[in-house]
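Q: I would like to learn how to read the empty and filled spaces in a protein model. Could we go through one together, step by step?

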Amino acid sequence: MTAARGTRLSRRSVLTSALALTACGRGATRASADPAQAAARRGPVPLLRDLAPFQIGTEIVSDDFGPGFDAVASTQFSQITSGYELKMEYILQPDGRLRFEGGDRIAAFCAANHQALHAHTLIWYIDNPPSFQKLEGDRKAFDAAYGRYIQAVAGRYAGQARAWDVVNEPINDDGETLRESIWTRNLGLEGHFIRAHEAAREADPHALLFVNEYGLESNPKKRAKFLNFVEAMLKRGVPIDGIGTQNHVNFELPPGQITAALRDAASLGLPVHLSEFDCSLQTDGPSLMARPDRLKAQNRLYREALEAFVALPEKQQYAFTIWGVRDKDSWLRTATWVKDHTDAPLLFDDDARPKETFWTLADVLRGR
Ligand code: G3I
């Protein structure tokens, strides 16, 4: 999908103004539910996948499979993002062999539960595999191996994956430059991106191809750079079918930033994936806010995120995805750097019971 050549106004500016008018027509953001009132709410636990007219997703890692986890992950969500087993760090072995057991487990879980699979991710700046290091400096060999890897992985899940995050997190946090990596060093800053999208399209012509990025809600400069980059690639005819905006936030994020970022992300006119939502109760620096107040702020952000997604034009509502099922599954609990293991960023507690964040999303989906 590319912008009409010679358009006087950029594609984004035309769409942005139309979107802004539409959003205004929807009236002010509703007052957020008071978690105390919400806590009084009980009754049968609804299924988010039944309430949402669009895909509502979660991220899973097959290590988490087990009775409590499966009961929620298989019933509440209509889409699954693979958090680990479809990444190069899992698939590509030091000797160059590929392992697919984990990815196959995730794909089988989706098929068994009639869930769409959002495959994450083919190329990431973080990866620096030995089998590619050996090819550095030989562009032809490197390019051939790059294409073979994408063909082998995206080709294996053709017909199973609804979409792929093709190149994950291409923009530096400075909002000025593209990230450098083994991929950019050997195939070029834009070349590695174009090659990956073309190879993915060839490997699985039916999968939607997404560009996925974090920090767009908190870093307007990075957001502008990201959207300008994607628009430039679209104008060059690069096959891009959607925008992923991760939204890993914490309770201190000021109201309105998620909404503004989502509206900007939609300005390209592509389907938008709110792809990795979680709201941490931790902060980088000290905070005097007591936990009950952090929970209220967290619920307000959950409400804002889903209301902003619901306000998008229907054809741009690709999926709303929470990054994990139970708090204890969250990367915010399991990452090596985590010190405080009390974080509660998700919808379900450690025992897979729905929390206020769950009821908040259910309320939004029921128009409350
Ligand atoms: O499954 C193995 C386990 O068998 C082994 O014992 C253990 C120790 O080596 O590792 C386990 O694999 C870990 C995997 O998570 C599952 O827990 C990997 O080492 C670890 O690297 C992997 O971390 C993932 C991280 O991306 C890096 O791939 C997190 O789960 C995942 O939540 C996180 O997700 C990223 C998105 O891809 C991009 N956006 C940011 C987001 C959060 O960092």
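Q: To begin with the ligand, how many residues surround the ligand, and which are the closest?

A: This is a predicted model, and in it the ligand is surrounded by 16 residues, with D63, K87, E89, H120 and E276 as the closest. Sorted by class, the shell around the ligand consists of six charged, five polar and five nonpolar residues.

Q: Which distance separates an oxygen atom of the ligand from a polar side-chain atom of K87, and what are the distances for the side chains of D63 and W323?

A: A polar contact is a pair of N or O atoms within 3.5 Å. For K87, a polar side-chain atom lies 2.6 Å from a ligand oxygen; for D63, an N or O atom of the side chain is 2.7 Å from an oxygen atom of the ligand; and for W323 the corresponding distance is 2.9 Å. Of the 790 Å² of accessible area that the ligand has on its own, the protein covers 58%.

Q: How is empty space found, and how many cavities of 30 Å³ or more does the structure hold?

A: Rolling a probe the size of a water molecule over the atoms shows where empty space is left. The structure holds one cavity of 30 Å³ or more, and the largest cavity contains about 90 Å³ of space. The ligand, by contrast, takes up the space of the largest pocket.

Q: Which residues line the largest cavity nearest its centre?

A: Its lining has 16 residues, and Y125, V167, P170, R179 and H192 lie nearest the centre. Two or more lining residues come from each of β3 (116-124), β4 (161-168), α9 (182-187) and α10 (191-203). By class, this lining has ten nonpolar, four polar and two charged residues.

Methods:
Residues numbered from 1 in each chain as written. Predicted model: local features only at pLDDT ≥ 70, side-chain atom pairs only at ≥ 80, totals over all residues. Heavy atoms only, no water. Near = heavy atom within 4 Å. Polar contact = N/O pair within 3.5 Å; in protein donor to acceptor, adjacent residues only side chain to side chain. Areas by Shrake-Rupley, 256 points an atom, 1.4 Å probe, with all protein chains shown as cover. 1 Å grid on protein atoms, 1.4 Å probe; cavity = no way out; pocket = protein on both sides within 12 Å on 5 of 7 lines; lining within 4 Å. Sits in = over half its atoms within 2 Å of the grid points. Nonpolar A, V, L, I, M, F, W, Y, C, P; charged D, E, K, R; others polar. Points joined across faces, edges and corners; volume = space filled by probe spheres on them. Helix = DSSP H or I, 4+ residues; strand = E, 2+ residues; numbered from the N terminus.
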